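Student: I should like a close look at a single strand of this protein, with its surroundings and its partners. Please treat it in one connected account.

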Amino acid sequence: MEAKHPERLLVEINAISKKYDFMYQKTGEYFNVFDVVGIKSDEVRICRLIKEFIDPKGCHCQGTIYLRLFMKYVLHITEMFSEKDYQNAHISREYIINANRRIDLVIEIANKFIPIEVKLYAGEQENQCKDYAEKVVGANLYYLTLDGHAPSVYSTGEKQLNNQISLISFSIEILEWLDECLKITAAQRLM
C-alpha cells in the first residue's frame, strides 16, 4: 500500500482497532483474573498458585489430574509415569540450591528432578540458568516466560544450554493447560 493517503490508512486502522476492541469486550478476552486480584506481575504469588494446582495433595482435591495435564501440555513430557509415581510426586516452590539461589518450581517424580524458572518481569541473575541446569536429573530446565523467549547469555553463563533448556510460555502452554484443566473439571461435574 502506498503512503499517498495516510489519513485513509489511519481511518482503516482505527476501524480495525475498534472492531477488535468490541470483540474482546463481548468475548471477555480483556478479563484477566491475575490482574483483578493484583498478582499479574507477582512471580511469587503466581508460582504459589501453579504449585497448588499441580500438587497432587493440593487443596483442589483433584489428585494427580492437574499434574498429569501440566506434564503433558506445559512440559511436553510424554513419558508414562505410573499412578503411584504421580501420587508420590513432590512439588516444591522456591527450592533452595547452592549460594541460596531459589528455583521457582521443582517437580520431583520417579527419580527425576525437573526445575522450572519463571520470569515475568524480574531481571535475570548471573549464571542463574546455568546453575539450575546443573541440578536437572532426567529432564530439562524449563524456562517459563510470558511469551516463551530464551534466557540471555548472562543467565546461561555463556554456555550453550540449548539442549538443556525447554522454553515454555504463559501465552501458549499455560493457557492450553488451563483450558484442559477446565475441560476435565467440567466433564467431571457432568458425571
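Tutor: Two strands count as paired if DSSP finds at least two bridges between them. In this predicted model, strand β3 (residues 112-119) meets that criterion on two sides. With strand β4 (residues 141-145), β3 pairs in the parallel sense over four bridges, and I116 stands opposite Y142 in β4. The connection from β3 to β4 passes through helix α6 (residues 128-133), giving a β-α-β crossover that is right-handed.

The other partner is strand β2 (residues 102-109), which pairs with β3 in the antiparallel sense over five bridges. Within this pairing, E108 has F113 of β3 as its bridge partner. Two residues separate β2 and β3, which form a hairpin, and A110 in the turn has a positive phi of about 45 degrees.

As to its environment, β3 is largely enclosed by the rest of the structure, because eight of its eight residues are buried, that is, under 20% relative accessible area. For the protein, by contrast, buried residues make up 36% of the 191 residues. In a regular strand, side chains alternate between the two faces of the sheet. In β3, K112, I114, I116 and V118 point one way, while F113, P115, E117 and K119 point the other way. Both sets are buried, the charged residues K112, E117 and K119 included.

As for the wider setting, the protein has eight helices and five strands, in the order α-α-α-α-α-β-β-β-α-β-α-β-α from the N terminus.

Conventions. Residues are numbered from 1 along each chain as its sequence is written. This is a predicted model: local features need pLDDT of at least 70, side-chain atom pairs count only at pLDDT 80 or more; totals for chains, interfaces and linings use all residues. Side-chain values use heavy atoms; hydrogens and water are left out. Buried means under 20% relative accessible area, exposed over 50%, partly exposed in between (1.4 Å probe, protein chains only). A crossover is right-handed if, with the strands pointing away from the viewer, the path from the first strand over the helix to the second runs clockwise.
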